[in-house]
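Subject: Structure handover and notes

Hello,

Please find the structure for your files below. My notes on what was found follow it.

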There are 2 protein chains.
Amino acid sequence: MFQGVRLMSNTDTCNDSRRTMELDNQDLEILKILQVDVRTAIERIADQVGLSTASVQRRLKRLRDNHVISSDVAVVEPKAVGQTMTFLLHVELDRDNLDFLVVFKKKMRNEPRVQQCYYVTGESDFILIVTAKDMEDFDALTQELFFDDSNVRRYKTSVVMERTKVSLALPLG
Amino acid sequence: MFQGVRLMSNTDTCNDSRRTMELDNQDLEILKILQVDVRTAIERIADQVGLSTASVQRRLKRLRDNHVISSDVAVVEPKAVGQTMTFLLHVELDRDNLDFLVVFKKKMRNEPRVQQCYYVTGESDFILIVTAKDMEDFDALTQELFFDDSNVRRYKTSVVMERTKVSLALPLG
DNA sequence: GGTGAAAACGTTACGAG
DNA sequence: CTCGTAACGTTTTCACC
């Protein structure tokens, strides 16, 4: 019985609607606006871009269907919800074993206090951006992530004194 | 002539509607949902939280007016718009002079390729998360940011091999 | 905090270029 | 294949309970 994953041959088309999509200037204009405020009325976008609402609508649907827009999120102010501290961690793993990597990444993705996790070149393996309510919360987190049954060789903590710029916006056009 | 910054006395009230607001579990539930998808219909949120749409509506307005929700953004997929590379930079400034700091921060906020900028404790002064179209684009950026008329003592580049987790979501409740 | 009517908004079908 | 117009359905908003 065939239990493996069905792989695509070279000639197959990758049909997960993630193929690169051509974007014209008007698409980019739409993205520029929505990157700053998703709640902008389509009518207003239409005015600004010089298209009808229907056209903007269609483009928007295409942008979302093709995962050019990967998500639409409300950005919450950390201090307003008691997350008063931000840290930046450099993490070095014990081995470059693939299984450990997979386990570690999964752990990061499942931990809400880890906002961001980057696998990088250089001395460290991973760089994490982490929020915590207070020092105690942070200590508990490092305990969970790095001591209890872990393959972390060492880690280095930087305290964020100021979140000078925090965004996911991209340069467009 | 008075040229300094007008400081608030201890007894002044900071009247920018950014004062801490009490959040109950239902507010947190609303935030949890919107953090993942701002486009969730209010009716659906109401169902999930166990309130009427009007109530959710009012809470939402309060959350936005009080900057608990600081913005609503569309997250764009970097690769889809030609931003194929991500870097993490450690930057050390020449002096801890306040004016230099202010100038540097402003530069970071005005540069679209700098997505994030954190002022941190430790060896480095700043940590940047940067996107670029390619190596050439990245080179141009470092040139602009760090060489032309700058107070940067040194910087270190890490190439991001994988954006394992990239979000601005916070742990709530 | 809930209800419901009015208004605003997003969506889709259609015909045109 | 993409546009705009216009009618349609849904969602949000708001005065009132």
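How far is a phosphate oxygen of DNA strand C from an N or O atom in the side chain of B:Ser52? The distance is 2.9 Å, which falls under the polar contact cut-off (a pair of N or O atoms within 3.5 Å; within protein, one must be able to donate a hydrogen and the other to accept it, and residues adjacent in sequence count only if both atoms are side-chain atoms).

Some conventions before the rest. This is a predicted model, in which local features need pLDDT of at least 70 and side-chain atom pairs count only at pLDDT 80 or more, while totals for chains, interfaces and linings use all residues. Residues are numbered from 1 along each chain as its sequence is written, chains are lettered from A and ligands numbered from 1 in the order in which they are written, and side-chain values use heavy atoms, with hydrogens and water left out.

DNA strand C

The residues around this strand (those with a heavy atom within 4 Å of it) are A:Ile42, A:Ala54, A:Gln57, B:Leu51, B:Ser52, B:Ala54, B:Ser55, B:Arg58 and B:Arg59. Besides B:Ser52, two other side chains of chain B have an N or O atom facing a phosphate oxygen of DNA strand C: B:Ser55 at 3.3 Å and B:Arg59 at 3.4 Å. Sugar or phosphate makes up 57% of the atoms of DNA strand C within 4 Å of the protein, and bases make up the rest. Helix 3 of chain A and helix 3 of chain B each supply at least two residues of the surface near DNA strand C. Helix 3 of chain B gives the most, with 4 residues. Helices here are DSSP runs of H or I with at least four residues, strands are runs of E with at least two, and both are numbered from the N terminus.

DNA strand D

Around DNA strand D are A:Leu51, A:Ser52, A:Ala54, A:Ser55, A:Arg58, A:Arg59, B:Ala41, B:Ile42, B:Glu43, B:Ala54 and B:Gln57. Of the atoms of DNA strand D that come within 4 Å of the protein, 62% belong to sugar and phosphate. A phosphate oxygen of DNA strand D lies 2.5 Å from a side-chain N or O atom of A:Arg59, and another listed distance, 3.0 Å, runs from a polar side-chain atom of A:Ser55 to a phosphate oxygen of the strand. From chain B, a backbone N or O atom of B:Ile42 is 3.0 Å from a phosphate oxygen of DNA strand D. Two or more residues of the surface near DNA strand D come from each of helix 3 (53-65) of chain A, helix 2 (42-49) of chain B and helix 3 (53-65) of chain B. Helix 3 of chain A gives the most, with 4 residues.

The two protein chains

Chain A superposes on chain B (by least squares on the C-alpha atoms of residues with pLDDT of at least 70 in both) after a rotation of 180° with 0.0 Å of shift along the axis, at an RMSD of 0.0 Å. That is the relation of a two-fold axis. The residue of chain A closest to the rotation axis is A:Val73, whose C-alpha is 2.8 Å away. The copies meet through the same surface, because 100% of the interface residues of chain A are also interface residues in chain B.

Inside chain A

Chain A has 5 helices and 5 strands, in the order α-α-α-β-β-α-β-β-α-β along the sequence. Of its 173 residues, 44% are buried (under 20% relative accessible area; exposed is over 50% and partly exposed in between, with a 1.4 Å probe and protein chains only). Counting contacts (heavy atoms within 4.5 Å) between residues at least 6 apart in sequence, 66% join residues at least 24 apart.

Rings and cysteines

Over all chains there are 10 aromatic pairs (rings of Phe, Tyr and Trp, its six-membered ring, with centres within 6.5 Å; planes under 30 degrees apart are stacked, over 60 edge-to-face, the rest tilted). A:Phe104 and A:Phe126 form a tilted pair, because their centres are 4.6 Å apart and their planes are at 40°. This pair links distant parts of the chain, helix 4 (residues 98-110) and strand 4 (residues 126-132), with the two residues 22 apart. Both A:Phe104 and A:Phe126 are buried. Ring pairs join A:Phe104, A:Tyr119 and A:Phe126 into a cluster.

No disulfides (cysteine sulfur atoms within 2.5 Å) were found: the count over all chains is 0. A:Cys117 is buried, at 0% relative accessible area.

Regards
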